[in-house]
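Ready for some practice in reading a protein model? Work through the exercises below, trying each task before you look at its solution.

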Amino acid sequence: MDSRLAYLRLVATNGIGAISAKKLLTHFGNILALFEAGANAVAETSVIPLSKVEELFSKENLKTAEDTLLFCQKNSIQILVFEDTRYPPLLKEIDSPPPVLFVKGDTSVLSTPQIAIVGTRKPTRYGMRVAEEFAYNLSALGLVVTSGLALGTDT
């Protein structure tokens, strides 16, 4: 199995966030070793509930990951996994870095100064306009405006 596909399976599993993913990857050493170990070995770690282990190893999960991979390929979206050399080094230093980044465009900008604009999930029209103006002006100054694509202002 391709490591990108394995990572997509991990992040497609509801309830496995960055902290649980980091614990699992630390325990098994890498993503491929996690899947090679199998469901029983993952369940024995007690990092995630049995229902999540079953979901992680399900055929539906694999299909979702394959569909995501295909979608990204068709839409020129790059998938950066934690071990990728293009994964932003500063992001790796936080307590719970996201195991997967989806990047559309030039990945080299991930090594330049960045800023994130974060706000409410239900912004007003005024709030959206101000966020857009901030993003425009900050990018005009050479900063990369980064989004985690959370609902609301982020998107």
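A residue is called buried when its relative accessible area is under 20%, exposed when that value is over 50%, and partly exposed in between. Keep these cut-offs at hand, and remember that the model is a predicted one.

**Exercise 1. Two serines in loops**

Task: Find where Ser46 lies, decide whether Ser46 is buried or exposed, and say what is notable about its phi. Then do likewise for Ser76.

Solution:
- Step 1: Ser46 belongs to the loop that joins α4 (39–44) and α5.
- Step 2: The relative accessibility of Ser46 is 62%, so Ser46 counts as exposed.
- Step 3: The phi of Ser46 is positive, near 60 degrees, in a residue other than glycine. To see why this deserves a remark, recall that most residues other than glycine have a negative phi.
- Step 4: Ser76 sits in the loop between α6 and β1 (77–81). With 56% relative accessibility, Ser76 counts as exposed.
- Step 5: Ser76 is not a glycine, yet its phi is positive, about 55 degrees.

**Exercise 2. The chain as a whole**

Task: State how many helices and strands the chain has, and give their order along the sequence.

Solution:
- Step 1: Counting gives eight helices and four strands.
- Step 2: Followed along the sequence, these elements make the pattern α-α-α-α-α-α-β-α-β-β-α-β.
- Step 3: For the dimensions, the C-alpha trace spans about 50 × 35 × 30 Å along its principal axes.
- Step 4: Of the 155 residues in the chain, 31% are buried.
- Step 5: Among contacts with a separation of 6 or more, 58% come from residues 24 or more positions apart.

**Exercise 3. Two helices that pack**

Task: Describe how helix α1 packs with helix α6, giving the angle and the distance between the axes.

Solution:
- Step 1: Helix α1 covers residues 3–12 and helix α6 covers residues 59–74; they pack at about 120 degrees, and their axes are 8 Å apart.
- Step 2: This angle makes α1 oblique to α6. The reason is that angles from 65 to 115 degrees count as roughly perpendicular and those over 145 as roughly antiparallel, so an angle between these ranges is oblique.
- Step 3: The crossing of the two helices, α1 and α6, is right-handed.
- Step 4: On the α1 side, the residues in contact are Arg4, Leu5, Leu8, Arg9 and Ala12. Their partners in α6 include Leu62, Ala65, Glu66 and Leu69.
- Step 5: Sorted by class, the contact of α1 with α6 has six nonpolar, four polar and three charged residues.

**Exercise 4. Aromatic pairs**

Task: Say how many aromatic pairs there are, and describe the one between Phe35 and Phe57 and the one between Phe82 and Tyr87.

Solution:
- Step 1: A pair of rings is described by the distance of the centres and the angle of the planes.
- Step 2: The count is two aromatic pairs.
- Step 3: Phe35 and Phe57 are 5.3 Å apart, centre to centre, with 55 degrees between the planes, which is a tilted pair.
- Step 4: Phe35 is in helix α3 (residues 31–37) and Phe57 in the loop between α5 (50–56) and α6, so the pair links distant parts of the chain, 22 residues apart.
- Step 5: Phe35 is buried because its relative accessibility is 11%, whereas Phe57, at 24%, is partly exposed.
- Step 6: Phe82 and Tyr87 form an edge-to-face pair, with 5.2 Å centre to centre and 65 degrees between the planes.
- Step 7: Phe82 is partly exposed at 27%, while Tyr87 is buried at 1%.

**Exercise 5. The surroundings of a tyrosine**

Task: Is Tyr7 buried or exposed, and which residues beyond its neighbours within four places in sequence is Tyr7 in contact with?

Solution:
- Step 1: Tyr7 lies in helix α1.
- Step 2: Its relative accessibility is 0%, so Tyr7 counts as buried.
- Step 3: Setting aside neighbours within four places in sequence, Tyr7 is in contact with Leu25, Ile31, Val81, Phe82, Glu83, Pro99 and Val100.
- Step 4: From C-alpha to C-alpha, Tyr7 and Ala21 are 9.4 Å apart, and in sequence they are 14 residues apart.

Key. Residues numbered from 1 in each chain as written. Predicted model: local features only at pLDDT ≥ 70, side-chain atom pairs only at ≥ 80, totals over all residues. Heavy atoms only, no water. Axes fitted to C-alpha atoms, helices over the stretch in contact; angles between N-to-C directions. Parallel < 35°, antiparallel > 145°, perpendicular 65-115°, else oblique. Left-handed = near helix turned anticlockwise from the far one by under 90°. Contact = heavy atoms within 4.5 Å. Nonpolar A, V, L, I, M, F, W, Y, C, P; charged D, E, K, R; others polar. Phe/Tyr/Trp six-rings, centres within 6.5 Å; stacked < 30°, edge-to-face > 60°. Buried < 20%, exposed > 50% of the residue type's maximum accessible area, 1.4 Å probe, protein only.
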